[in-house]
Amino acid sequence: MKAKILILSLALGLLLTTQTTWAKTFVYCSEGSPSAFNPAITTDGTSNNASGHTVYNRLVEFKYGTTEVVPALAESWKVSPDGKTYTFNLRKGVKFGATKYFTPTREMNADDVVFSFDRQRDPAHSFHKVNGGNYEFFKAMEMDTLIQTIKKVDNFTIELKLAKPESPFLANLAMSFMSVHSKEYGDQLVKENKKENIDMFPVGTGPFVFKSYDKDTLIRFEANKDYWQGVPKVDKLVFAITPDPNVRYQKLKAGECHMVIEPSPADIPAMRKDSNLKVLEAPGLNVGYLAFNVKKKPFDKIEVRRAIYHALNRASYINAIYMGNAVMAKNPLPPTIWGHHDRVTDYEYSVDKAKSVLARAGYPNGFEAELWTLPVTRPYNPNGKKMGEMMQADLAKIGIKIKLVSYDWPTYLAKSRKGEHQMIQLGWTGDNGDPDNFLNVLLGCAGMNSGSNVAGWCQKDFNDKIVKAKTITDQKARAKLYIEAQEIFHERAPWVPVAHSVVYRAMSNKVSGYKIDPLGGDIFKEVDL
Amino acid sequence: MIKLILKKIVNILPTLLGISVLAFLLIRLVPGDPIMLLLGERGADPQVYAEMKASLGLDKPLFQQYFSFLGNLLHGDLGNSIVSKRSVMEEFMDRFPATLELGIVAMTFAVILGIPFGILAAVKRNSIFDYSLMGTSLVGYSMPIFWWGLMLIILFSVKLGWTPVSGRIAVEFEIERHTGLLLIDSWLSEEGGKDAFLSAFSHLILPAIAMGTIPLAVVARMTRSSMLEVLGEDYIRTARAKGLPYFIVVAKHALRNALVPIITVLGLLFGSIVTGAILTEMIFSWPGIGKWMVASINARDYPVIQGGVIMIAMMVIFINTIVDLIYLWANPRMRQ
């Protein structure tokens, strides 16, 4: 009898709860918990999706689905002839979203912009040290040395003076870390003695207003009814945090979420066949590569590097490692970025050629070397170990005996920054869609100090070109310099670029208006159900 | 009796001290650096790195770090998370109710099914029922939770549509937090009412089954063997000879005596719930301490790992001490 009652009550419970209605609630199954709701102090995509793209706006932004910089909180701007002074005219009538913890009394103005930028720039700013005070993007994009003064000209005009002309500056301003926060909210928190709340309970001008965050489970947003670009089409936006990709897929199938982050490539064919789902794809703004440590023997010899370039059968990796979800790379720049050198002739795959080049370098019988394999799954390299094994087999054909080495991710990064490797698999996903963000960060001499140039390759003619390209504003002239720089890269071969992965998003058929962001974010301001 | 209890508590202290040393050292032996991880994939400025290291106190020698950790611990302060900057104790208390709720329901599931199955198998010894039950329990015991959880989801959530896939409650319910136990909070909430409670309950079913399967198998097998032992005793034969119905003999005479070792096993199983929670919580996106610990290990969040291990160890010790004390109370011979 007891068992019967139990079964009955279970069945009743199930019956009642499976009839869920969504109304206009968009549920996005994300992968992890945000570390904070402020893109200025976080670097992970998870936090950025939950704050930069939902709650906040910037002076300029990337046009939805592209890397083109367009006006946002700044309606227009002027650059002085010497390229060092930027004057922004702010949009009027922009309101910060009202929340349970803050009700704005005025519209967004120049004070908010100064407040937000100075927090990252000025160590004396009352919020500078709050929550760790580490503004990694601000420093990585060299904004701390670049911006000399920030001046409020009047309530709706801001003047920024730079130390030197820097053409990627506008693209940097469009990045999430330059989001505009409310000074009025900051002042309220100072009074309440709750400064650290600024990064956990966000207030912004963006399409959605933060409602609540249940640790590790759900993040809730509501549409910003006063949004300056028009009210979003969904009333509520929910991030359902689901770390396992298989479970995310099952949730999508069961209708518990409308969209999932980054489906695993193995599931894509089944997703395409499912008539209730649709899969969008776009080339990613990334590159996976094998870098040589040019400071170590025998990789200081160009011929050795070229021989390896010829010996690696990269086309086979695209099929085996990326399941075809990638394009073969011939440049460090992905083809989606302007300045990509399309006409460069790729090194052909040829064991004979590789052997003869290697013999010319003085290693007719090859040598022994270590190759470090990527320990984590990344879009630009989904399986470092397997790729390592394929590289090992390819190089054995020309007499190079490879020992595969790997460490856990933090150790891998730390050791590679110290230059302990000989050959290493790594990759990069672009931040702002500017060629400088690839070539300078990964191959410039400046990257030698920060450790991001793992090849240890500081080539003067290459570096001169990319440094010069940074100072001119004419995009055509810049593109020319970048193409020349890529030619030098091609000739000197400090890396073997392997692939640019394709990015996928899987969603319910009901979803409309979603565009893949080439910069890797998930942006819901225009989605509808 | 009080003396005995005091002695028990005094004995706990060296255990806790040992655990604190282990928790502190083990995570530092694992390669990887929390600051490097915090600074991300791009190159870290050496000056920023040094500043962060100093601000977290990680630049001091190990023994100094340990003693400051221990000193704070004695004041009840587990430190702050490197990642979230929040107090470890607060973070723990945020998540603990979720694990506790899941653990209680999983254990209830294991006991409600495990004991009757075990009794039936013992009573119908060597029958087909007995063989199939013991065979199934062996399978259940060896089942990888990760795979089992996924299979449950595919069958019950995707194919049949009976239960939700993951999470604690449907997204439309916003439940105010009172106890952190959603079954209670949703019951108390005015907004969701009965629907919210049912939603919370239906979200519990699959994770509780996944987590309770191994304890279920253990309890069923334990009950069976314990019952078999008791059923062979002289007093059972006497009771039967007296003419008592078999059901009464089994339920009243045999079961009570057979339960003693089962309770011991239950105490141990309850302590090991946290281990099961790690996998179950990952699969079902359950926001409990298992998932929290995994994330912290990946981020090398030293204070969270140390503090979390200490808290979990204290719980396990606490439960086992209670079980020991119940024994002392129940069995006078053990008091000597």
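**Loop between α5 and α6, chain B**

I started at the loop between α5 (88-123) and α6 (128-142) of chain B, where Asn126(B) lies. I am working on a predicted model, so every value here is computed from it. Asn126(B) is not a glycine, yet I read a positive phi of about 65° for it. Is Asn126(B) buried or exposed? I found 8 C-beta neighbours inside 10 Å, so Asn126(B) counts as exposed.

I then went to Ser285(B), another residue that is not a glycine and has a positive phi, here about 50°. Ser285(B) sits in the loop between α12 and α13 (289-298) of chain B. Its surroundings hold 25 other C-beta atoms within 10 Å; with the cut-off for burial at 20 or more, Ser285(B) is therefore buried.

**Chain B as a whole**

I listed the elements of chain B and got 14 helices and zero strands. Along its principal axes the C-alpha trace spans about 85 × 55 × 40 Å. Chain B has 336 residues, and 39% of them count as buried. I also looked at contacts in chain B with a separation of 6 or more: 70% of these come from residues 24 or more positions apart.

**Helix α7 of chain B**

I took α7(B), residues 145-159, as a single helix to inspect. Its 15 residues reach 20 Å from the first C-alpha to the last, close to the 21 Å expected at 1.5 Å a residue. Where does α7(B) bend? I located a bend of about 25° at Ile153(B). Ile153(B) is also among the buried residues of the helix, with Ile145(B), Gly149(B), Leu152(B) and Ser157(B). As a reminder to myself, an α-helix has 3.6 residues a turn, so residues three or four places apart point the same way.

What do the buried residues of α7(B) pack against? I noted α9 (193-231) and α12 (273-283) of chain B, and also α8 (245-253) of chain A. Just after the helix, Gly161(B) takes a positive phi of about 70°.

**Nonpolar core**

I looked up the largest nonpolar core and counted 222 residues in it; Ala240(A) and Ala291(A) have the most contacts inside it. The element that gives the most to this core is α9(B), with 22 residues. I then listed what Ala240(A) touches, leaving out residues up to four places away in sequence. In chain A these are Val27(A), Cys29(A), Leu218(A) and Cys257(A), and in chain B they are Gly167(B) and Val171(B).

**Strand β10 of chain A**

I turned to β10(A), residues 236-241, and found five of its six residues buried. I checked its pairing next. Strand β1 (residues 25-30) of chain A runs parallel to β10(A), joined by six bridges, and Phe26(A) has Leu237(A) as its bridge partner. Strand β9 (residues 218-223) of chain A runs antiparallel to β10(A) over five bridges, with Glu222(A) partnered by Lys236(A).

**Strand β7 of chain A**

I went along β7(A), residues 157-162, to see which side chains point where. Ile158(A), Leu160(A) and Leu162(A) point to one face and are buried, whereas Thr157(A), Glu159(A) and Lys161(A) point to the other and are not. I recorded two antiparallel partners: β5(A), residues 85-90, with five bridges, and β6(A), residues 147-154, with six. Leu160(A) stands opposite Tyr86(A) and opposite Ile150(A). The connection from β6(A) to β7(A) is a hairpin through two residues.

**Contact between the chains**

How many residues of chain A are in contact with chain B? I counted 46, against 48 residues of chain B. Elements of chain A that each supply at least two residues to this side include α1 (2-18), β1, β10 and α8. By class, the side of chain A that touches chain B has 15 nonpolar, 20 polar and 11 charged residues.

**A cis peptide bond**

My last entry concerns Pro298(A), found in the loop between β13 (286-292) and α10 (302-311) of chain A. The peptide bond from Lys297(A) to Pro298(A) is cis, and I read omega near -5°.

Note on methods
Residues are numbered from 1 along each chain as its sequence is written. Chains are lettered from A and ligands numbered from 1 in the order in which they are written. This is a predicted model: local features need pLDDT of at least 70, side-chain atom pairs count only at pLDDT 80 or more; totals for chains, interfaces and linings use all residues. Helices (H or I, at least four residues) and strands (E, at least two) are DSSP runs, numbered from the N terminus. The expected span of a helix is 1.5 Å times one less than its number of residues. The bend at a residue is the angle between axes fitted to the seven residues ending there and the seven starting there. A residue is buried if 20 or more other C-beta atoms lie within 10 Å of its own, exposed if 12 or fewer, and partly exposed in between; C-beta atoms are placed from the backbone. Two residues are in contact if their C-beta atoms, placed from the backbone, lie within 7 Å. A nonpolar core is a set of buried Ala, Val, Leu, Ile, Met, Phe, Trp, Tyr and Cys residues joined through C-beta atoms within 7 Å. Two strands pair if DSSP finds at least two bridges between them. Ala, Val, Leu, Ile, Met, Phe, Trp, Tyr, Cys and Pro count as nonpolar, Asp, Glu, Lys and Arg as charged, and the others, Gly among them, as polar.
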